[in-house]
Amino acid sequence: MDEKKDWLAELVEIMARLRAPDGCPWDQEQDHQTLKQYLIEEAYELVDAIDDGDDEQLRDELGDVLLQVVFHAQIAQEEGRFDLQQVARGICTKLIRRHPHVFGEAAVDDSDAVLRQWEEIKREESTSRTRTSALDGVPRHLPALSQAEKIQRKAAKLGFDWPAVEGVIDKIEEELEELKQALREGEPSAVHEEIGDLLFSIANLTRYRKESAEEILRHTVRKFYRRFRHIEESVEASGRPFEAYNLAELDALWNEAKQHERNHLKE
């Protein structure tokens, strides 16, 4: 394989060929709307590859995300709106504009100062856009926990934030008590609302600690999966059907999985 070949240009040509009248029927039928699901799926597969630490998988998934970018740009080019070169030019211009400490005369002391500067430049850029609230600009299709964190972060920058973490904890406890009350009263809509308030408050705690609720929950999901697999493997080894185990027995296997993880960490 010719490593000196311009493979990005080759990818653009392949996509144009697939979209041509004598190209691939499936590719010809796609538009920005139909491709949305694939972009989201590929982005999450890329995140999995990063978490797995597999370079070959990471390279492949980066390629799949790049394909989606090229696909969307090709559709826009066919409609006379913009092309991939304009996409690249736009992001290059934005990066230079938002890094005046690198490409200009501005000075910053650390990464926190860089982030503050970045947000200030973004605010200046957004003055030409139609936004009615300081909370606008959070993508609607983000996972709900990520949306919550971003909105809370925007509000905090305007001073709407707890002065100490104890206030966040108190709010979580308050929302939990309200949820318990709603459950006792048995009103489904109230329970729905209080669960949402509790989740929002917990997301606020992770935001306050400069962590990601999405990543923390992903970690917990993976942990649950590992431990449940231990239960399944133990049940399979016993020869008894899963349904024959009562909750106390399954819970004992769960605790066994937890202990196994602790022992593994000590090794």
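This is a short talk on salt bridges in the structure above.

Okay, quick heads-up before we start: what you're looking at is a predicted model. As a reminder, side chains of opposite charge can pair when their charged atoms come close. Here, the count comes to 20 salt bridges, and I'll walk you through a few of them.

Let's begin in helix α9, which covers residues 165-185. Lys-180 and Glu-177 pair up there, at 3.5 Å from N to O. They sit three residues apart, about one turn of the helix. So are these two buried or exposed? Neither, really: Lys-180 comes out at 36% relative accessibility, so we call it partly exposed, and Glu-177, at 43%, is partly exposed as well.

Now hop over to helix α11, residues 213-238. Which residue does Arg-229 meet at 2.7 Å? That's Glu-232, again counting N to O. Those two are three residues apart in the helix, about one turn. Arg-229 is partly exposed, with a relative accessible area of 26%, and Glu-232 is partly exposed too, at 24%.

Arg-229 also has a salt bridge with Glu-233, where the closest N and O atoms are 3.4 Å apart. Glu-233 and Arg-229 are four residues apart in helix α11, so about one helical turn separates them. Glu-233 has 42% relative accessibility, which means it counts as partly exposed.

And then there's a network to look at: Asp-48, Asp-51, Glu-215, Arg-218 and Arg-222 are joined into one by salt bridges that share partners.

That's my tour, thanks.

Technical notes:
Residues are numbered from 1 along each chain as its sequence is written. This is a predicted model: local features need pLDDT of at least 70, side-chain atom pairs count only at pLDDT 80 or more; totals for chains, interfaces and linings use all residues. Side-chain values use heavy atoms; hydrogens and water are left out. A salt bridge is a side-chain nitrogen of Lys or Arg within 4 Å of a carboxyl oxygen of Asp or Glu. Buried means under 20% relative accessible area, exposed over 50%, partly exposed in between (1.4 Å probe, protein chains only).
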